[in-house]
Amino acid sequence: MPATSEPFFEKAARGPADSLFLDLEDAVAPNRRVEARTNAVRALNEVDWGKKTVSVRVNGLTTPWAIADILAVARCPRLDMILLPKVETAGDVVFLDRLLTGLELEVPRTQPLGIEILIETTKGLANVEAIAAASPRLEGIIFGVGDYSIELENFDTIFGAPNPEYQVAGAQGDQWHFALARIANACRAYGLRPIDGPFTNYGDPEAYRASAIRARALGFEGKWAIHPSQVAIANEIFTPSAAQIAWARDIAAKMATAADEGKGAIGLDGVLIDRAHVLLSGKILRRARVAGLEA
């Protein structure tokens with residue numbers, strides 16, 4: 001939410017999104033960014049956000065607003081994470097980490113502030129593995145397809161959507177596959193959440209759904225919703241289905257029995273099931289618990 005859109009704060013706080021951020025950057029006109037900062041601080045201190053994860057997207061480190069943004073919002077006890085845009089090197093993350101460490105000496109917190117970042121430049125993608133390893137505060141990486149598309153100069157006008165000109169063996173391809181796959185791999189290598197970025201054509205819910213499904217297939221565990229109509233779709237796509245949960249429970253039970261019998265693998269409906277499937281079932285059930293579906 002743009003931090004200049006104060007009438008929407010309470011509605012968002014009661015909405016179905018698991019995580020939300022107040023935006024001080026691209027969704028705010030440059031001449032209102034100081035005002036947006038003030039609004040964000042007031043909202044963090046006064047709005048009841050419930051159990052939602054609340055972040056603020058500050059302005060990038062190369063802008064005149066960045067340091068003041070960080071110093072202002074990081075002093076708010078309700079803030080969970082700083083969302084740093086246009087990260088290009090591991091040093092960007094290290095700088096923010098050290099700044100937050102100093103602030104927490106001044107204003108102690110019960111939990112350290114987390115960091116999420118946006119990879120939205122070609123240099124950022126080129127350095128994503130080093131960036132992912134840069135700080136224990138780092139919790140997730142988001143693919144910022146809009147700015148990345150502009151820098152790549154492919155001239156897409158609907159950010160996040162497949163370009164019909166990109167054909168692979170005569171079939172529609174996804175020009176963002178390389179970037180998404182690299183970000184997902186870097187995140188999983190260093191224990192972070194990979195989150196897909198915006199899909200700007202909010203008037204086409206089925207296209208948004210298809211984009212979310214592609215991201216899920218690459219290992220992403222969430223996707224931005226830039227319009228309230230997209231939230232329900234994202235929650236559906238990135239929450240384990242009833243069938244997946246049932247499969248995971250069944251596999252866990254069958255493999256526990258097999259282990260008691262001294263077996264490390266079993267056949268199930270013509271498919272070999274082994275310890276790898278036990279690990280997979282555990283990850284599915286963990287995701288279900290996070291979504292409130294599995295006790």
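The legends below describe an overall view and several close-up views of one predicted protein model. Residues are numbered from 1 along each chain as its sequence is written, and side-chain values use heavy atoms, with hydrogens and water left out. Because the model is predicted, local features need pLDDT of at least 70 and side-chain atom pairs count only at pLDDT 80 or more, whereas totals for chains, interfaces and linings use all residues.

**Figure 1. Overall view of the protein chain, with its 12 helices and 10 strands.** The radius of gyration, taken over C-alpha atoms, is 21 Å, close to the 19 Å that the globule rule (2.2 Å times the number of residues to the power 0.38) gives for 295 residues, so the chain is as compact as a globular protein of that length. Helices (H or I, at least four residues) and strands (E, at least two) are DSSP runs, numbered from the N terminus. Along the principal axes, the C-alpha atoms fill a box of roughly 65 × 50 × 35 Å. Of the 295 residues, 42% count as buried, where buried means under 20% relative accessible area, exposed over 50% and partly exposed in between (1.4 Å probe, protein chains only). Among contacts (heavy atoms within 4.5 Å) with a separation of 6 or more, 69% are made by residues 24 or more positions apart. The chain exposes about 14,800 Å², of which carbon and sulfur atoms supply 57%; accessible areas come from the Shrake-Rupley method with a 1.4 Å probe, and for residues only the protein chains shown count as cover.

**Figure 2. Close-up of the salt bridge between E25 and R57.** A salt bridge is a side-chain nitrogen of Lys or Arg within 4 Å of a carboxyl oxygen of Asp or Glu, and by this rule the count comes to 23 in the model. The closest N and O atoms of E25 and R57 are 3.3 Å apart. This pair links distant parts of the chain, with E25 in the loop between strand 1 (19–23) and helix 2 (33–46) and R57 in strand 2 (residues 53–57), 32 residues apart. Both partners are buried, E25 with a relative accessible area of 4% and R57 at 8% relative accessibility. The two residues also belong to a network of salt bridges that links D23, E25, D26, R57, K86 and D147.

**Figure 3. Close-up of two further salt bridges, E104 with R137 and E10 with R14.** The side chains of E104 and R137 meet at 2.8 Å, N to O. E104 lies in helix 4 (residues 90–106) and R137 in the loop between helix 6 (128–132) and strand 5 (138–143), so the pair ties together parts that are 33 residues apart in sequence. E104 is buried, with a relative accessible area of 16%, and R137 likewise counts as buried, at 9%. In the bridge between R14 and E10 the N to O distance is 3.8 Å; here R14 is exposed, with a relative accessible area of 63%, while E10 is partly exposed, at 40%.

**Figure 4. Close-up of helix 10 (residues 228–238) and its buried residues.** The residues of this helix that are buried are Q230, V231, I233, A234, I237 and F238. They pack against helix 9 (205–217) and helix 12 (275–290).

**Figure 5. Close-up of G60, in the loop between strand 2 and helix 3 (66–73).** G60 is buried, with a relative accessible area of 6%. Leaving aside neighbours within four places in sequence, G60 is in contact with A66 and P85. The C-alpha atoms of G60 and L84 are separated by 6.4 Å, although these two residues are 24 residues apart along the chain.

**Figure 6. Close-up of two buried aspartates, D174 and D196.** D174 is found in the loop between strand 7 (171–172) and helix 8 (177–189), and its relative accessible area is 17%. Not counting residues up to four places away in sequence, D174 touches Y166, L180 and R214. D196 has its place in the loop between strand 8 (193–195) and helix 9, with a relative accessible area of 6%. With the same exclusion of residues up to four places away, D196 touches I142, F143, L180, S211, A215, F220, G222, K223 and W224.
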